[in-house]
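Please look over the sequence and the model shown below, and then follow the account of its side chains, helices and cores.

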Amino acid sequence: MQSKNKELWDKVWKNKKYTTDYQLRFYKYLKDLKENSLNNESKVLEVGCGSGGGLDVFKGLELYGIDISNESLKACKEKGINTINCDARDIKFEDNIFDFTFSSGLVEHFNPQDRKQIINEMIRVTKPHGQILVIIPNKFCLWYRVYKTLFTWL
């Protein structure tokens, strides 16, 4: 199953050449968070980092992205982001090292038990007074469904 998912996400990230309105709004939110909640010493982790667009907002900080897709990690490396190929259910970092850990559009692809494990891993690697953000899209939104259908067919 892991191999099939990896192949799908490698295909998705290899062909991604656009930015959605949702992403632009999300990036603005992240920019505001960076300016108001983090400092120059902050460490940031994105779980399921995709092409690194969210992390790119945090330029100047210590950035890390994890994903199972080599294509995803390749795009992140081109942006100067530190990457690790690992599963979100077993994050390969020590406890309590990130000031901000986030994920957008990842956990909904897992069953409830795995979702809990991913969130617990995010909590584990985040400092006690750090911040965690998990974004889950509304699967009933028409535009989301159209986007997802097109995204996986390309």
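**From a salt-bridged arginine to the cores**

Arg-124 is partly exposed, because its relative accessible area is 23% and the partly exposed class runs between 20% and 50%. The model in which this residue sits is a predicted one.

The side chain of Arg-124 meets that of Asp-95 in a salt bridge, with 2.7 Å from N to O. This pair links distant parts of the chain, since Asp-95 belongs to the loop between strand 3 (82–85) and strand 4, whereas Arg-124 belongs to helix 5 (residues 112–125), 29 residues apart. Asp-95 is itself partly exposed, with a relative accessible area of 46%. Arg-124 also forms a salt bridge with the side chain of Glu-121, at 2.9 Å from N to O. Here the two partners are 3 residues apart in helix 5, so about one helical turn separates them. Glu-121, with a relative accessible area of 12%, is buried, while Arg-124 is partly exposed.

The structure holds 8 salt bridges, and side chains of opposite charge can pair when their charged atoms come close. Another of these bridges joins Asp-56 and Lys-59, whose side chains meet at 3.3 Å from N to O. Both partners are partly exposed, Asp-56 with a relative accessible area of 30% and Lys-59 with one of 40%. Elsewhere, Asp-87, Arg-89 and Asp-114 are linked in a network of salt bridges.

The wider setting can be described next. The protein comprises 6 helices and 5 strands, which follow one another along the sequence in the pattern α-α-β-α-β-α-β-β-α-β-α. Of its 154 residues, 44% count as buried, and the accessible surface comes to about 9,200 Å², of which carbon and sulfur atoms account for 53%. Among contacts between residues at least 6 apart in sequence, 63% join residues that are at least 24 apart.

Turning to the interior, the largest nonpolar core has 18 residues, among which Leu-30, Val-44, Phe-58, Phe-100 and Phe-102 touch the most other members. Helix 2 (21–37), helix 4 (70–78) and strand 4 (98–104) are the elements that give two or more residues to this core, and the largest share, 4 residues, comes from helix 2. Beyond its neighbours within four places in sequence, Phe-100 is in contact with Leu-30, Leu-33, Leu-38, Lys-43, Val-44, Leu-45, Phe-58, Gln-131 and Leu-133. A second, separate core consists of 15 residues, including Leu-45, Cys-86, Leu-106 and Phe-110.

How are the buried residues of helix 4 arranged when seen down its axis? Those that are buried in this helix are Ser-72, Leu-73, Ala-75 and Cys-76. Viewed down the axis, the buried residues of helix 4 fall within an arc of 155°, so they line one face of the helix. Lys-77 and Glu-78, by contrast, lie on the other side of helix 4 and are exposed.

At the surface, finally, Ile-119, Ile-123 and Ile-132 make a nonpolar patch of about 220 Å². One of these residues, Ile-132, lies in strand 5 (residues 126–135), and because its relative accessibility is 37%, Ile-132 counts as partly exposed.

Conventions: Residues numbered from 1 in each chain as written. Predicted model: local features only at pLDDT ≥ 70, side-chain atom pairs only at ≥ 80, totals over all residues. Heavy atoms only, no water. Patch = residues over 30% accessible without salt bridge, like charges linked within 9 Å, V, L, I, M, F, W, Y side chains within 5 Å. Areas by Shrake-Rupley, 256 points an atom, 1.4 Å probe, with all protein chains shown as cover. Salt bridge = Lys/Arg side-chain N within 4 Å of Asp/Glu carboxyl O. Buried < 20%, exposed > 50% of the residue type's maximum accessible area, 1.4 Å probe, protein only. Core = buried A, V, L, I, M, F, W, Y, C linked by side-chain atoms within 4.5 Å. Contact = heavy atoms within 4.5 Å. Arc of directions from axis to C-beta.
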